[in-house]
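Me: I should like to work through this structure by question and answer. Please reason each reply out step by step.

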Amino acid sequence: MTGLVDGGVLLLDKPVGWTSNAALGRARRLLGGVKAGHTGTLDPFASGLLPVTVGEAGKFSRYLLDADKRYEAHLKLGFISSTGDPEGAITATGGSVPSSRTVLDQVLLGFMGDLDQIPPMHSALKQQGVPLYELARKGLEVPRAPRRICIHTLDVLAWSGGDELVIDVRCSKGTYIRVLAEDIGRALGCGAYLTELRRTEVGPMNISQAIELSDFEQLQPGERTLRLLPPATLLAALPRIEIDGKTARDLLSGKHPGFVGNATGELQAWAVEGIFIGVVRASGDGPTKRLAPVRMMSPSVLP
């Protein structure tokens with residue numbers, strides 16, 4: 001990509017101490033004040049992968065919001081935090097930290113699969129329009145309905161039998177790793193809180209593809225633009241179809257053209273010239289389907 005006409009996806013490695021919105025704002029200014037958004041908040045104490053959508057790519061951000069996430073989480077056993085993380089008041093529980101790896105593995109196994117998780121008070125969820133963290137700062141606590149989440153994998157990265165535990169978690173959207181850490185500590189009988197958190201994957205995107213904000217600042221304007229991945233990067237989970245130029249133009253103008261193919265549901269649509277035009281929905285029985293535009297690029301994407 002040599003320009004910002006069609007937008008793209010910037011993979012940032014957010015530093016500790018920055019809010020996601022602050023990192024987004026800095027990236028936006030470095031790209032010349034373009035329209036941009038991020039696809040999932042990271043707490044200020046956390047670091048790691050923050051995908052930023054630029055320009056036209058913002059139309060497809062929801063496909064990444066729904067994606068699975070992966071984290072490297074550091075837990076302190078035998079202590080609890082009022083916020084579940086290092087920003088709260090830390091208190092020793094007096095509970096005995098298990099020294100058996102067998103016990104630890106059995107406890108972690110109990111968190112695999114579908115779980116009901118109660119969101120923390122220190123979160124951006126809203127109660128009657130007020131973020132829960134604002135209520136928490138006033139010493140208030142309100143009932144929160146549990147959410148269904150899924151822990152796909154939960155592996156130990158480092159533990160020597162002491163109070164420092166490092167785990168790798170791959171989970172569904174909406175999972176609070178702070179709550180998971182507290183629940184693991186409760187199940188171990190000693191308490192725990194999250195000391196460090198690093199997001200390493202969002203859907204198909206990996207932290208190895210990301211650039212640190214400080215390094216992004218050092219690039220020349222043209223080099224920054226070259227860091228943008230194509231908007232279709234957000235749609236790796238959707239099947240891809242190729243269509244002719246007339247069908248592509250019909251879709252970009254809001255029409256519902258016919259298409260011969262087997263695929264149904266939401267699809268990535270590409271013109272035969274290798275130009276991504278957006279997300280469409282294919283429906284109908286038999287070999288001929290009806291295509292409907294769902295989220296489309298600007299018509300100017302076609303020559």
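**Questions on a predicted model**

Me: In which loop is the place of Thr39?
Reply: The model under discussion is a predicted one. In it, Thr39 belongs to no helix or strand named here but to a loop. That loop runs between β2 and β3.

Me: Is Thr39 buried or exposed?
Reply: A residue counts as buried when its relative accessible area is under 20%. The relative accessible area of Thr39 is 1%, so Thr39 is buried.

Me: Which residues does Thr39 touch, leaving out those up to four places away in sequence?
Reply: Thr39 can also be placed relative to Leu10, which is 29 residues away in sequence and 11 Å away in space, C-alpha to C-alpha. With residues up to four places away in sequence not counted, Thr39 touches Pro51, Thr53, Ser61, Leu64 and Leu65.

Me: How many helices and strands are there in the protein?
Reply: The C-alpha trace of the protein spans about 70 × 50 × 40 Å along its principal axes. Of its 303 residues, 48% are buried. The protein has eight helices and 19 strands.

Me: What percentage of the contacts with a separation of 6 or more is between residues 24 or more positions apart?
Reply: The contacts considered are those in the protein with a separation of 6 or more. Within that set, residues 24 or more positions apart account for 69%.

Me: Which residues touch the most other members of the largest nonpolar core?
Reply: The largest nonpolar core has 37 residues. Elements giving two or more residues to this core include β1 (8-14), β15 (240-243) and β18 (275-283). The largest share, six residues, comes from β18. The members that touch the most others are Ile243 and Ile277.

Me: Which residues does Ile243 touch, not counting residues up to four places away in sequence?
Reply: Ile243 is one of the two residues that touch the most other members of the largest core. Beyond residues up to four places away in sequence, the contacts of Ile243 are Ala248, Leu251, Phe259, Ala269, Trp270, Ala271, Val272, Ile277 and Leu291.

Me: How many residues does the second, separate core have?
Reply: Among the members of the second core are Ile151, Val169, Ala181 and Ile184. This core is separate, and it has 30 residues.

Me: Why are α3 and α5 described as oblique to each other?
Reply: Two packed helices are described by the angle between their axes and the distance between the axes. The axes of α3 (residues 101-109) and α5 (residues 177-188) come within 10 Å and cross at roughly 130 degrees. Angles over 145 degrees count as roughly antiparallel and those from 65 to 115 as roughly perpendicular, whereas the rest above 35 count as oblique. The angle between α3 and α5 falls in that remaining group, and the two helices are therefore oblique.

Me: How many nonpolar, polar and charged residues are in the contact of α3 with α5?
Reply: The crossing of α3 past α5 is right-handed. Leu104, Val107 and Leu108 in α3 meet Ile184, Ala187 and Leu188 in α5. By class, this contact has six nonpolar, no polar and no charged residues.

Me: What covers the buried residues of α1?
Reply: In helix α1 (residues 20-30), the buried residues are Ser20, Ala23, Leu24, Gly25, Ala27 and Leu30. After α1 comes Gly32, whose phi is positive, near 90 degrees. What covers the buried residues of α1 includes β1, β2 (36-38), β3 (47-54), α6 (213-218) and α7 (221-225).

Me: Is Leu238 buried or exposed?
Reply: Leu238 lies in the loop between α7 and β15. Leaving aside neighbours within four places in sequence, Leu238 is in contact with Tyr63, Glu266, Leu267, Gln268 and Val279. The limit for a buried residue is under 20% relative accessible area. Leu238 has 17% relative accessibility and so counts as buried.

Me: What is the relative accessibility of Pro86, which counts as partly exposed?
Reply: Pro86 is in the loop between β5 (79-81) and β6 (90-92). Pro86 touches Phe45, Tyr193, Leu194 and Thr195, with residues up to four places away in sequence not counted. Partly exposed residues lie between the limits of 20% and 50%. Pro86 counts as partly exposed because its relative accessibility is 37%.

Methods
Residues are numbered from 1 along each chain as its sequence is written. This is a predicted model: local features need pLDDT of at least 70, side-chain atom pairs count only at pLDDT 80 or more; totals for chains, interfaces and linings use all residues. Side-chain values use heavy atoms; hydrogens and water are left out. A nonpolar core is a set of buried Ala, Val, Leu, Ile, Met, Phe, Trp, Tyr and Cys residues joined through side-chain atoms within 4.5 Å. Buried means under 20% relative accessible area, exposed over 50%, partly exposed in between (1.4 Å probe, protein chains only). Helices (H or I, at least four residues) and strands (E, at least two) are DSSP runs, numbered from the N terminus. Contact means heavy atoms within 4.5 Å. Axes are lines fitted to C-alpha atoms, for helices over the stretch in contact, and angles run from 0 to 180 degrees between N-to-C directions. A crossing is left-handed if the near helix is turned anticlockwise from the far one by less than a right angle, and right-handed if clockwise. Ala, Val, Leu, Ile, Met, Phe, Trp, Tyr, Cys and Pro count as nonpolar, Asp, Glu, Lys and Arg as charged, and the others, Gly among them, as polar.
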